[in-house]
Amino acid sequence: VVVHINSATGAEERLEHISTERGLLYAWSARPPDAEACVFFCGSILGDFSSNYHRERALARQLLSDGIATIRFHYSGQGNSQGSPQDMTLDSLVSDAKAVLSHWSAPDFSNYAVVGTRLGSLVAAKVVSETPWPVALWEPVIDPARFFGEAARAQRMSQLARAKEGRARGWRSELSSSGQVELLGHSVYPPLVNSLDEVGLLELLGTSPRSVFVARFGARDHSSDGLMEELSRRGFRVTYENHAVSVAWWFDPNRPGKSADLVPSTALWLRNALSAAP
Amino acid sequence: MKLAQGSERLVYFPSGDSMLAGILTAPERPRDIVVLTAWGSGTAPSSGRNQIRSRLAARVSELGLHAFRFDYQGFGESDGEFREPSLNSPYTEDITAASEWLASQGFTRIVVVADCFGAWSSLMAAPSLPNLSGMVILNAPVRRDHHETAVATQSWRWWIGRLRRLSFRKLMSREYRSRQRRMIALKMAAMAGVEKSDMRYRNAIEELLQRRVPILLIYGLGDFREDFESELAAGLRASIERRTAMNRIVTFEEHLADASYPHQELIFREIESWLLGILEPAVGSH
């Protein structure tokens with residue numbers, strides 16, 4: 001563990017390795033003096049991990065300046081954490097998140113909220129499903145089966161732009177025959193893909209009503225209408241917003257993109273949700 | 001490939017008014033050299049896209065070398081505000097600070113392995129790195145950044161589309177007008193076949209050659225390749241090759257920017273082979 005006090009916020013920032021059966025997880029946490037509430041981040045994976053990292057950092061820093069503690073980490077097999085990407089599954093992602101969260105249960109914050117980005121929304125949903133915690137979802141992946149399909153389409157477009165022949169076979173059949181598939185430079189393995197079959201965000205969120213914030217990036221579309229309607233029907237308190245965020249799924253931009261008012265808007269919602277929590 | 005984080009040490013170190021987050025990987029049987037990785041201004045944390053820096057750390061530790069990676073100010077887990085990357089304001093302060101911290105830990109020989117804007121920043125920082133024992137320059141900008149090379153090659157259809165999106169609000173913005181002037185100048189220069197004059201890259205390499213710091217230049221296909229090739233043709237190749245045999249130029253007919261595992265492997269093999277060549281005098285313990 002290495003600790004320093006941020007001179008601007010007065011927060012105690014900690015970098016540490018957390019031991020799990022899949023190896024050491026890399027985690028960063030920051031606790032402002034007298035913080036009672038904590039926001040826990042479940043980032044995305046593969047290309048989306050990098051492309052959203054800077055936004056998540058910005059939100060964490062904003063929350064710190066609002067006096068709210070934050071915890072961020074890298075899943076096993078990704079980023080600075082140990083482990084193999086070949087072993088990654090939805091269960092392993094959830095298990096990593098719970099391991100990190102339980103590591104911080106001792107200091108006792110009175111309130112928690114969780115942020116999930118893209119595929120990390122599924123992890124966030126699973127983490128909060130047994131709690132009353134509010135959850136903020138950035139561009140949630142509602143149907144995981146489409147997550148890899150979108151990347152495969154983006155890859156074909158990228159290859160065409162580089163005047164290379166696009167992949168002729170479907171990514172799924174290549175995954176079956178080769179045991180892995182390269183999607184925009186990222187190796188994807190069967191355990192992860194298989195673990196996401198027949199899983200949906202709605203099921204993972206459970207039925208206990210809670211406050212949910214959903215932010216969609218880019219122009220307004222109707223992809224979340226079904227989710228919103230079903231959550232409202234279940235009695236969830238749902239806030240939906242669209243933000244003019246530069247979208248770069250799976251691509252690692254050369255520099256952090258503009259996030260418009262996504263960060264302050266999410267931070268405001270989290271502050272209100274945490275202060276309203278019982 | 002396994003990562004070597006069992007022997008990784010997490011650190012904070014100062015750079016200006018900020019504290020930067022870094023990771024020092026220690027090999028089992030260390031030699032007195034540390035590989036400092038400085039990457040571009042993308043959004044990935046210090047692991048790099050697709051864990052390229054984490055994996056490189058594991059690979060060089062197998063050669064008996066320490067490895068150090070870190071987040072610039074305003075990135076990842078480091079403090080500070082994000083600064084817009086620009087060839088005129090490289091992240092030299094952070095690279096120098098990392099080098100100074102490594103020196104404070106007893107390292108007397110540092111090899112910098114740097115990519116893209118990190119490579120440009122490392123070249124600009126090189127005069128203030130006294131313990132520099134080698135530098136790997138991977139896809140560094142030569143005289144134009146990503147945006148400038150993209151603008152220069154855009155078609156007229158792209159420019160017309162841009163004109164159609166022009167609004168009164170944009171026209172009233174001084175920043176927007178200034179950016180447009182720069183873009184038009186770049187397009188005109190590209191059309192006229194006039195290269196942007198900038199000797200900083202060339203001068204930085206020459207300075208390394210004079211200091212007898214071994215260098216490995218690696219370029220894949222991409223937006224900086226054309227500038228690099230023209231610099232080689234203008235005398236840089238001859239200048240590099242008449243110096244020590246430890247200097248090497250490697251080009252690949254692949255886009256390496258996606259950092260896929262096969263592309264990482266291409267890069268790692270070149271770096272390992274080059275490192276082995278400069279390692280021999282450095283056997284010793286840290």
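Just after helix 2 of chain B, Gly106(B) takes a positive phi of about 100°. Helices here are DSSP runs of H or I with at least four residues, strands are runs of E with at least two, and both are numbered from the N terminus. Keep in mind that this is a predicted model, where local features need pLDDT of at least 70 and side-chain atom pairs count only at pLDDT 80 or more, while totals for chains, interfaces and linings use all residues. Residues are numbered from 1 along each chain as its sequence is written, chains are lettered from A and ligands numbered from 1 in the order written, and side-chain values use heavy atoms, leaving out hydrogens and water.

Back to helix 2 of chain B, residues 92–104. Its 13 residues should span 18 Å at 1.5 Å a residue (the factor is one less than the number of residues), and its end C-alpha atoms are indeed 18 Å apart. Its buried residues (under 20% relative accessible area with a 1.4 Å probe, protein chains only; exposed is over 50%, partly exposed in between) include Asp94(B), Ile95(B) and Trp101(B). Among the elements covering them are strand 1 (8–15), strand 5 (110–115) and helix 3 (116–125) of chain B.

Helix 3 of chain B is itself mostly covered, with nine of its ten residues buried. Phe117(B), Trp120(B) and Leu123(B) are among those, and the cover includes helix 2, helix 4 (146–153) and helix 8 (200–210) of chain B.

Now hop over to chain A, where nine strands form an open, mixed sheet in the order 1-2-3-5-4-6-7-10-11. Strands pair if DSSP finds at least two bridges between them. At the edges sit strand 1 (2–5) and strand 11 (237–243) of chain A, each pairing on one side only. Strand 2 (residues 12–20) and strand 3 (residues 23–31) of chain A run antiparallel, joined by nine bridges; one partnership is His17(A) with Tyr26(A). Helix 2 (residues 90–103) of chain A packs on this sheet, touching strand 2 and strand 6 (111–117) of chain A, among others.

Finally, look at Arg57(A), in helix 1 (residues 46–65) of chain A. Which residues does Arg57(A) contact, leaving aside neighbours within four places in sequence? They include Arg72(A), Phe75(B) and Asp79(B) (contact means heavy atoms within 4.5 Å). Arg57(A) is buried yet has no salt bridge (a side-chain nitrogen of Lys or Arg within 4 Å of a carboxyl oxygen of Asp or Glu), and the nearest side chain of opposite charge, Asp79(B), is 6.0 Å away. Lys and Arg count as positive, Asp and Glu as negative; His and the chain ends are not counted.

Note on methods. Axes are lines fitted to C-alpha atoms, for helices over the stretch in contact, and angles run from 0 to 180 degrees between N-to-C directions.
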